[in-house]
Each structure stands twice: as C-alpha cells, then as structure tokens.
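Reader: I have a new structure in front of me. Please take me through it, question by question.

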Amino acid sequence: MALFKPKYITFDCYGALILFDMAGAAQRRFSDRIAPQQMYAFTTDFSSYRLDEVLGAWKPYYDVVSNALQRTCKKWGVSWDKADSDFIYTDCARCCRTIAHTSLH
C-alpha cells in the first residue's frame, strides 16, 4: 500500500489564517477578458460565490473554487474553461507556498 506524504497540510482552507489570493489569481487569469475598471467587481462576485459555495454540504475546495468561478463567468458573460479553475487553484497554492516560505524566515 502506498504511503501518502503530503507536502503541506492546512486546516485553513477558507482563508482565515492563510492568504489565498483568489482575487490576484483571477486578475492574472482574466485580464484579457475583464476590463481593468471592472476587475474589482468581478473578483468581488467571485468572492461572494465562493462564500455561497461553502454554505451547503461539504465539498472539496477545488469544487468550491471551480463552481464559484463558473457562476461568476456566467454572470459576467465571459467564457470559462476547466483550465481557468485549474490555474486559479494552482496559482493560489503557489502564492501560499511563497507566503509561507517568506514568513518562516
């Protein structure tokens, strides 16, 4: 049987203690689809949908992020692809590693 060896463990999947820069990741991903003057409203909607997604039954955090992103894109009339969700989820993990690494020194 394979032994699972996680690289990182957190019990803070919703950003109370760890900064998950979802807005920054969304800005990086959607800068070619959302005008700069509308980005704050877009990322605010994305944040609101993420909160709504966690109010129901438990689901993996990737699903929370992806469902919220799909709903945001639908509201804004912009295209969504699984690669968009993958990017934001991965980009936030990269940012968290950078923040954690920086704060340990």
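**Salt bridges, helices and core**

Reader: Which residue forms a salt bridge with Arg29?

Author: This is a predicted model, where local features need pLDDT of at least 70 and side-chain atom pairs count only at pLDDT 80 or more, while totals for chains, interfaces and linings use all residues. Residues are numbered from 1 along each chain as its sequence is written, and side-chain values use heavy atoms, with hydrogens and water left out. A salt bridge here is a side-chain nitrogen of Lys or Arg within 4 Å of a carboxyl oxygen of Asp or Glu. At 2.7 Å, N to O, the side chain of Arg29 meets that of Asp84.

Reader: How many residues apart are Arg29 and Asp84?

Author: Helices (H or I, at least four residues) and strands (E, at least two) are DSSP runs, numbered from the N terminus. Arg29 is in helix 1 and Asp84 in helix 4. The pair links distant parts of the chain, 55 residues apart.

Reader: Is Asp84 buried or exposed?

Author: Buried means under 20% relative accessible area, exposed over 50%, and partly exposed in between (1.4 Å probe, protein chains only). Arg29, at 26%, is partly exposed. Asp84 has 2% relative accessibility, so Asp84 counts as buried.

Reader: Which residue in the loop between helix 1 and helix 2 pairs with Asp84?

Author: Asp84 has a salt bridge at 2.9 Å, N to O, with Arg33. Asp84 lies in helix 4, so this pair ties together parts that are 51 residues apart in sequence. The loop partner is partly exposed, at 27% relative accessibility: Arg33.

Reader: What is the distance between the closest N and O atoms of Glu53 and Lys59?

Author: Glu53 counts as buried because its relative accessibility is 9%. Lys59 is partly exposed, at 22%. Their salt bridge has its closest N and O atoms apart by 2.5 Å.

Reader: Which residues do salt bridges that share partners join into one network?

Author: By the rule above, the count comes to 10 salt bridges. Those that share partners make one network of Arg29, Asp32, Arg33 and Asp84.

Reader: How many helices does the chain have?

Author: The elements run α-α-α-α from the N terminus on. There are zero strands, and the helices number four.

Reader: Which helix supplies the largest share of the largest nonpolar core?

Author: A nonpolar core is a set of buried Ala, Val, Leu, Ile, Met, Phe, Trp, Tyr and Cys residues joined through side-chain atoms within 4.5 Å. The largest one has 17 residues, and Met22, Phe30, Phe42, Phe46 and Ile88 touch the most other members. Helix 1 (22-30), helix 2 (39-54), helix 3 (61-76) and helix 4 (82-103) each supply at least two. The largest share, six residues, comes from helix 3.

Reader: Which residues is Phe46 in contact with, leaving aside its neighbours within four places in sequence?

Author: Contact means heavy atoms within 4.5 Å. Phe46 is one of the buried residues of helix 2. Beyond those neighbours, Phe46 touches Met22, Ala26, Val65, Ala68, Leu69, Thr72 and Ile88.

Reader: How wide an arc do the buried residues of helix 2 cover around the axis?

Author: In helix 2, Met39, Phe42, Thr43, Asp45, Phe46, Arg50 and Glu53 are buried. They sit on the same side of helix 2, because their arc (taken from the directions from the helix axis to the C-beta atoms) is only 155°. On the other side, Tyr40 and Leu51 are exposed. The arc of the buried residues is 155°.

Reader: What span should helix 3 have at 1.5 Å a residue?

Author: The expected span is 1.5 Å times one less than the number of residues. Helix 3 has 16 residues, and its end C-alpha atoms are 22 Å apart. This agrees with the expected 22 Å.

Reader: Which residue just after helix 3 takes a positive phi?

Author: The buried residues of helix 3 include Tyr61, Val64 and Cys73. Just after the helix, a phi of about 70° belongs to Gly77.

Reader: How far apart are the C-alpha atoms of Trp76 and Ala41?

Author: Trp76 lies in helix 3 and is partly exposed, at 23%. Leaving aside neighbours within four places in sequence, Trp76 is in contact with Ile34, Gln38, Ala41, Phe42 and Asp45. Trp76 and Ala41 are 35 residues apart along the chain, and their C-alpha atoms are separated by 9.9 Å.
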